[in-house]
Amino acid sequence: MSELVLFTNAMSRGNTVDLLLKMMDVPYKRIELAYGAEMHTKEYLAINPMAKVPALVDGDVIVTECAAICLYLADKFIEKGFAPALNSPERGAYYRWFLFTAGPIESAFTIKDLGIELNEEQQKSSGFGSVERTMACLEFALNNAKPFICGKQFTAVDVYVGAFVMFLVKYQIMEATPAMKIYMKNLSTIPAISEILENK
């Protein structure tokens, strides 16, 4: 089996991949890249032309984008139990909330951070509509977690969505809603997540 190599930075979304790999108890090599010149070398641009982290190298396979890396790892090591069975109905929610968080939520909070407000016409053509609608949709997902996104099984999507929710609360980007508090309480039953919550 080829060596897994994770290119990341301690202040990046790569922390989510780090957490998943540690929870899966999978050996990997972690390479810390500083923002700036180290992410713009010819060698690293051949791995990720976006000059961003995280990026995972698995032999001849290169995977970038945090959500894609988590999905890839959960399937590669499916025996670890971090992904629903390929033919299970839980796969629908698994894909849905992974990509919703990577797409609409990321976009909504990027424009929020930039202080940009979309008018009604702009909201119609944007992939996320508005920050309010995006957060209402996230609330829907959390309210339907029983106790996790895919039901009783804790999966990689809980690592991914959970990391986002914990980030929002930790940095006071928004006040924790009742649904967020219940979801984080559910996540606290997982030792590795409980440790993070205790140190927040």
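This is a short tour of a predicted model, with selections to make in your viewer.

Residues are numbered from 1 along each chain as its sequence is written, and side-chain values use heavy atoms, with hydrogens and water left out. Because the model is predicted, local features need pLDDT of at least 70 and side-chain atom pairs count only at pLDDT 80 or more, while totals for chains, interfaces and linings use all residues.

**Stop 1: the largest pocket**

Select S12, R13, A163, F167 and Y171. The largest pocket has a volume of about 1,200 Å³. Those five are the closest to its centre, out of 31 lining residues. A pocket here is an open set of points on a 1 Å grid over the protein atoms alone, where a 1.4 Å probe fits, with protein on both sides within 12 Å along at least five of seven lines; lining residues have an atom within 4 Å of a point. Its volume is the space filled by probe spheres set on the points, which are joined across faces, edges and corners.

Now colour helix 7 (156–170). Helices (H or I, at least four residues) and strands (E, at least two) are DSSP runs, numbered from the N terminus. Helix 7 gives the most to the lining of the largest pocket, 7 residues. Which kinds of residue make up this lining? By class, 17 are nonpolar, 6 polar and 8 charged. Nonpolar covers Ala, Val, Leu, Ile, Met, Phe, Trp, Tyr, Cys and Pro; charged covers Asp, Glu, Lys and Arg; the others, Gly among them, are polar.

**Stop 2: the second largest pocket**

Keep R13 and add K52, V53, E65 and C66. The second largest pocket holds about 450 Å³ of space. These five are the closest to its centre among 20 lining residues. Helix 4 gives the most to this lining, with 5 residues.

**Stop 3: salt bridges**

Stay on R13 and add E106. Their side chains meet in a salt bridge, 2.8 Å from N to O. A salt bridge is a side-chain nitrogen of Lys or Arg within 4 Å of a carboxyl oxygen of Asp or Glu. R13 is in the loop between strand 1 (4–8) and helix 1, while E106 is in helix 4, 93 residues apart. The structure holds 6 salt bridges.

Next, select D18 and R30. Their closest N and O atoms are 2.7 Å apart. R30 lies in strand 2 (residues 29–32) and D18 in helix 1, so the pair ties together parts 12 residues apart in sequence. Is D18 buried or exposed? D18 is buried, at 5% relative accessible area. Buried means under 20%, exposed over 50%, and partly exposed in between (1.4 Å probe, protein chains only). R30 is partly exposed, at 34%. Add E32 to see a network of salt bridges linking D18, R30 and E32.

**Stop 4: backbone oddities**

Most residues other than glycine have a negative phi, and most peptide bonds are trans. Go to A51, in the loop between helix 2 and strand 3. A51 is not a glycine, yet its phi is positive, about 60 degrees. A51 is buried, at 9% relative accessibility. Step along to V53 and P54. The peptide bond between them is cis, with omega near 5 degrees.

Jump to K146 and P147. A cis peptide bond joins this pair too, with omega about -5 degrees. Finish at Q172, in the loop between helix 7 and helix 8 (178–187). Q172 has a positive phi of about 50 degrees. Q172 is exposed, at 69% relative accessible area.
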